[in-house]
Amino acid sequence: MNDSVLTPPVKEYLLAFADDEHLMGQQHTEWIGVAPFLEEDMAFASIGQDELGHALMLYTLILECPSGIDIYVFNRKSEEWRSCQLVESTHRRWEEALIRHWCYDMAEDLRWELFSDSSLPELISISERALKEETYHRRHAEALVENLLMVPDSKLRLMNALEVVVPQVLGLFSPIPGEEEAISCGVVSGKYSDLLPIWRTRLEERFGVLDSGLFIQADNENRTQRHSDFDYLFGRIREVFLLDPKAVW
Amino acid sequence: MRVYEVFLKPDGKEEFRHAGSIEAATDELALVLARENYARRAEGTHMWLVNRENICVSEEGFIDSNLDKPHRHNDGERVARWRKLQRNKKNNE
């Protein structure tokens, strides 16, 4: 392990990605049994488990102590999380959950590719593995969206969902604590926020040109403040863990 | 909506085996849904989806008459019995 590179700011930077993946995975798996049709609730939850797997790989790298991950993740105070509000917010409408899945996964491969030449060899292999899965996540989201856009009622729902979700995606791309240090020591090749235009092009090629008002970045999104839905989500995550916090799983 | 039959083939010389079915609006949706529903735990290395409409199905009774043809069945039991008899005969000689 290259300890000289894994400094506290770099760890904080990687933690933001790990937390995003963890909470996105949790949000998707919440649809097991309640998605609009059986095949989809299985598929969506399965994709969520892939995201949890990515989070686990990143937490393992950051903590350098695999046995301590559960304790670390489940006992952290809310202000110690570095997730963005997009993945913290509860979307109970299926169309919003689907649009979030599309938006997040169309941004995720761009994020992983930033590590393809990392000075941390572990990150290169984690990135390669994640990118393989992400190809299918995008195909899943695309296939659903493409078909639903052909039905007027579904299209209206998806377009309305974009108005809710797109402003939250800007927070995903907002500056990440520790990013400058991570770039200067070669852990990551560039700023994630520089890739926002690529994501926006993907978005508007799929859904058409959207109201520019949706792309005005909020000032308060800095990954240190939690969305008001976070406590509910964290409660769900810890529900089983808290039955017996000392249990060995 | 279409119904597809899902076949998976494990690695190596194993054959494709029926894994179940899936309902989807298009081939692409069927593929991405079948991937997560049937192959998420590495159940196979190859997958076939067959639109159920493209399966030739024999009519009721088409093969029923083959169920009652004992003369076609050979489990080897009679031959084994005969050979055992011959063996015993030889040993007793």
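Here are some numbered notes to help you find your way around this predicted model of chains A and B.

1. A good place to start is the contact between the two chains. Chain A brings 12 residues to this contact, and chain B brings 13 residues. On the side of chain A that touches chain B, helix 2 (38-63) and helix 6 (121-148) each supply at least two residues. That side of chain A is made up of six nonpolar, three polar and three charged residues. The next points take these helices in turn.

2. How do helix 2 and helix 6 of chain A pack? The angle is about 165 degrees, and the axes are 11 Å apart. Because angles over 145 degrees count as roughly antiparallel, helix 2 of chain A is roughly antiparallel to helix 6 of chain A. Helix 2 of chain A passes helix 6 of chain A in a left-handed crossing.

3. If you would like to trace that pairing in the viewer, look on helix 2 of chain A for A:Ala43, A:Ile47, A:Asp50, A:His54, A:Met57, A:Leu58 and A:Leu61. On helix 6 of chain A, they meet A:Glu122, A:Leu123, A:Ile126, A:Ala130, A:Glu133, A:His137 and A:His140. By class, the contact of helix 2 of chain A with helix 6 of chain A has eight nonpolar, three polar and three charged residues.

4. Helix 2 of chain A also packs with helix 1 (residues 27-38) of chain B, at an angle of about 70 degrees and with the axes 8 Å apart. Since 65 to 115 degrees counts as roughly perpendicular, helix 2 of chain A is roughly perpendicular to helix 1 of chain B. Their crossing is left-handed. From helix 2 of chain A, the contact uses A:Glu39, A:Glu40, A:Met42, A:Ala43, A:Ser46 and A:Ile47, while helix 1 of chain B gives B:Leu33, B:Glu36 and B:Asn37. These residues divide into four nonpolar, two polar and three charged.

5. Helix 6 of chain A packs with helix 1 of chain B as well, and here the angle is about 140 degrees, with the axes 9 Å apart. This angle makes helix 6 of chain A oblique to helix 1 of chain B. Helix 6 of chain A passes helix 1 of chain B in a left-handed crossing. A:Tyr136, A:Arg139, A:His140, A:Ala143, A:Leu144 and A:Asn147 are the residues from helix 6 of chain A, and they meet B:Glu28, B:Leu29, B:Val32 and B:Arg35 in helix 1 of chain B. In this contact there are five nonpolar, two polar and three charged residues.

6. Next comes the nonpolar core. The largest one has 64 residues, and those with the most contacts inside it are A:Ile99, A:Cys103, A:Val169 and B:Leu33. Helix 1 (residues 8-29) of chain A gives the largest share of this core, nine residues. Setting aside its neighbours within four places in sequence, A:Cys103 is in contact with A:Val165 and A:Val169. B:Leu33 is worth a second look, as it also takes part in the contact of helix 2 of chain A with helix 1 of chain B.

7. Which residue has a positive phi although it is not a glycine? That is B:Ala42, with a phi of about 55 degrees. Most residues other than glycine have a negative phi. B:Ala42 sits in the loop between helix 1 and strand 3 (46-51) of chain B. B:Ala42 is exposed because it has 8 other C-beta atoms within 10 Å.

8. Is B:Arg17 buried or exposed? B:Arg17 counts as exposed, with 12 C-beta neighbours inside 10 Å. You will find B:Arg17 in strand 2 (residues 17-24) of chain B. B:Arg17 touches B:Phe7 and B:Leu8, leaving out residues up to four places away in sequence. From B:Arg17 to B:Trp48 the C-alpha to C-alpha distance is 9.5 Å, and the two are 31 residues apart in sequence.

9. Finally, A:Pro177 lies in the loop between helix 7 (152-172) and helix 8 (179-184) of chain A. A:Pro177 counts as partly exposed because it has 16 C-beta neighbours inside 10 Å. Not counting residues up to four places away in sequence, A:Pro177 touches A:Glu12, A:Tyr13, A:Ala16, A:Arg82 and A:Arg223. The C-alpha atoms of A:Pro177 and A:Ala130 are separated by 22 Å, with their positions 47 residues apart along the chain.

How values were computed. Residues numbered from 1 in each chain as written. Chains lettered and ligands numbered in written order. Predicted model: local features only at pLDDT ≥ 70, side-chain atom pairs only at ≥ 80, totals over all residues. Contact = placed C-beta atoms within 7 Å. Helix = DSSP H or I, 4+ residues; strand = E, 2+ residues; numbered from the N terminus. Nonpolar A, V, L, I, M, F, W, Y, C, P; charged D, E, K, R; others polar. Buried ≥ 20, exposed ≤ 12 C-beta atoms within 10 Å, placed from the backbone. Core = buried A, V, L, I, M, F, W, Y, C linked by C-beta atoms within 7 Å. Axes fitted to C-alpha atoms, helices over the stretch in contact; angles between N-to-C directions. Parallel < 35°, antiparallel > 145°, perpendicular 65-115°, else oblique. Left-handed = near helix turned anticlockwise from the far one by under 90°.
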